[in-house]
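Biologist: I would like to go through some labels in this model. Please set each one against its cut-off.

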Amino acid sequence: MEKQLDYAVAQIVKLCAIPSPSGFTKEVEAHLLEEFRALGFKPTQTNKGSVLVDLGGEGNALVLAAHVDTLGAMVRSISANGRLALTKIGGYPENYIEAENCTVHTRTGKQYSGTILLKNPAAHVNPEVNNTKRTLEKMELVIDEKVSTKEAVKALEISAGDFVSFAPRTVVTKSGFIKSRHLDDKASSGILLALAKWIKEEKLPLTRKVYLLFTTYEEVGHGGTSGYPADVKEMISVDMGAVGDDLETDEYKVSICAKASKGPYDYDVTTRLIELAKKLALNYAVDIYPAYGSDADGALLAGHDFKHGLIGPGVAASHGYERTHLDGLENTLRLVKEYITTKK
Ligand SMILES: [Zn+2]
C-alpha cells in the first residue's frame, strides 16, 4: 500500500503543478496520456479533451471519473493603468484568491507572473482595506512587468480571453498532510492513476469492465456530460469529499456522498459502497453535500442511463487553499479497489 500511496502523492504533486483551469487543459491531458502509456495502457481522448482509459475486465461496465480541470480566471479587460480585470472560471469566493500569485497565459504562448490584489491595497494608505467586500470589481491582477498603460500591456501580447492560473502552493508535510489549491480534483486523479498502476503491476482480477475517465470541464458544469463508451451502465465520480459544519467527513476519511445538490445518488451503488467500507473497516463517513454537483450528476442530467455514485477523500477548505491527508487517499484507494475486485 505504501508503494501505491507514494505514487499517488507524486502524481498529485505533478498534476497540481500543471496549470489547468477549465478550458486550458491540453498540458494536463498530455501528462495523463503519457503516464497511462508508461503504465502500459492505451488511453484515448474525446473530442473535448477527456481522457478515457480501459482498465480491462468483462461486463457490467463501470466508469470511475475524476476531473483534472481546476478553478482559475480569464482576463476580462485591460485597464487604462495597465492592470488586468478578471472574470472567474468556476465558482469561488473572491477573498480566496486575494494576494495569490498567478500566471497569465497568452494565446501566443507567453507567460507572465502577477498577483491578484485589492485595488489600492496598501494598509498604510487605504483605511478601508478591512471594510471592503472582496469582489472582482474591487480587485485586479497586477502583472510583474514595468507597464502602466493599456498599450504597454497589449505590447506584451496580453489580451482579453487569456487564461489565468493560480499558484498551486503544493506542500506535503512530514505528518502526511497534502495542501494545495487544486486537490479538487487532482487528489482523486492521483488516486485513480495509483489504482491503474496497482491493477497493472499486481494483475488484480477485475470482476467487471472498468474504465477511467478524466474530464476537463467539471468546474464549469459539463465535464461529465459526454465521452462514455456505449457499454457503460454505472458511473462513480471520484471527487473531493466535502468537509464542514455538520458533515462527518474529515481529511482522514473516504467520504461517501448520499445526496448532493442535484439529489440522491443511486441507492444500490451508495449502499454497496457503505457495505464495503464497513467490511474493510475503513475510516469513512456518509454525508450530504449541501452545495455540490459532480460529473456523475452532469452525466445523468445529460440523459445517460447510469446508476451513479460519488466518493472521495475529505478535502478541507474546498475551492480555497485545500488540505487532505494520506489517510484520506488510502481509504479512498482501498474502497475503489474493493469495489472493482469483489463480486456483489
Ligand atoms: Zn471537483
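Modeller: A term to begin with: helices and strands are DSSP runs, of at least four and at least two residues, numbered from the N terminus. On that numbering, Glu157 sits in the loop between α3 (150-155) and β9 (163-166). The model is predicted.

Biologist: Why is Glu157 called partly exposed?

Modeller: Partly exposed lies between under 20% (buried) and over 50% (exposed). Glu157 has 33% relative accessibility, so it counts as partly exposed. Its phi is positive, about 75°, although Glu157 is not a glycine.

Biologist: What makes the arrangement around the zinc ion irregular?

Modeller: The protein donors are His67 (NE2), Asp184 (OD) and Asp239 (OD) twice, 1.8 to 2.7 Å from the zinc ion. The four donor atoms subtend angles of 50 to 141°. Tetrahedral needs all angles between 85 and 135 degrees. The arrangement is therefore irregular.

Biologist: How do you know that His67 and Asp239 are buried?

Modeller: Buried means under 20%. His67 has a relative accessible area of 0%, and Asp239 is at 2%. Both are therefore buried.

Biologist: What makes helix α4 largely enclosed by the rest of the structure?

Modeller: Of its 20 residues, 17 are buried, so α4 is largely enclosed.

Biologist: How do you know that the span of α4 agrees with the expected one?

Modeller: At 1.5 Å a residue, residues 183-202 should span 28 Å. The end C-alpha atoms of α4 are 27 Å apart, which agrees. Lys203 follows α4, with a positive phi near 50°.

Notes. Residues numbered from 1 in each chain as written. Predicted model: local features only at pLDDT ≥ 70, side-chain atom pairs only at ≥ 80, totals over all residues. Heavy atoms only, no water. Expected span 1.5 Å × (residues − 1). Buried < 20%, exposed > 50% of the residue type's maximum accessible area, 1.4 Å probe, protein only. Donors = N, O, S within 2.8 Å, 3.2 Å for Na, K, Ca; no water. Tetrahedral: all angles 85-135°; square planar, octahedral: opposite > 155°, others 65-115°.
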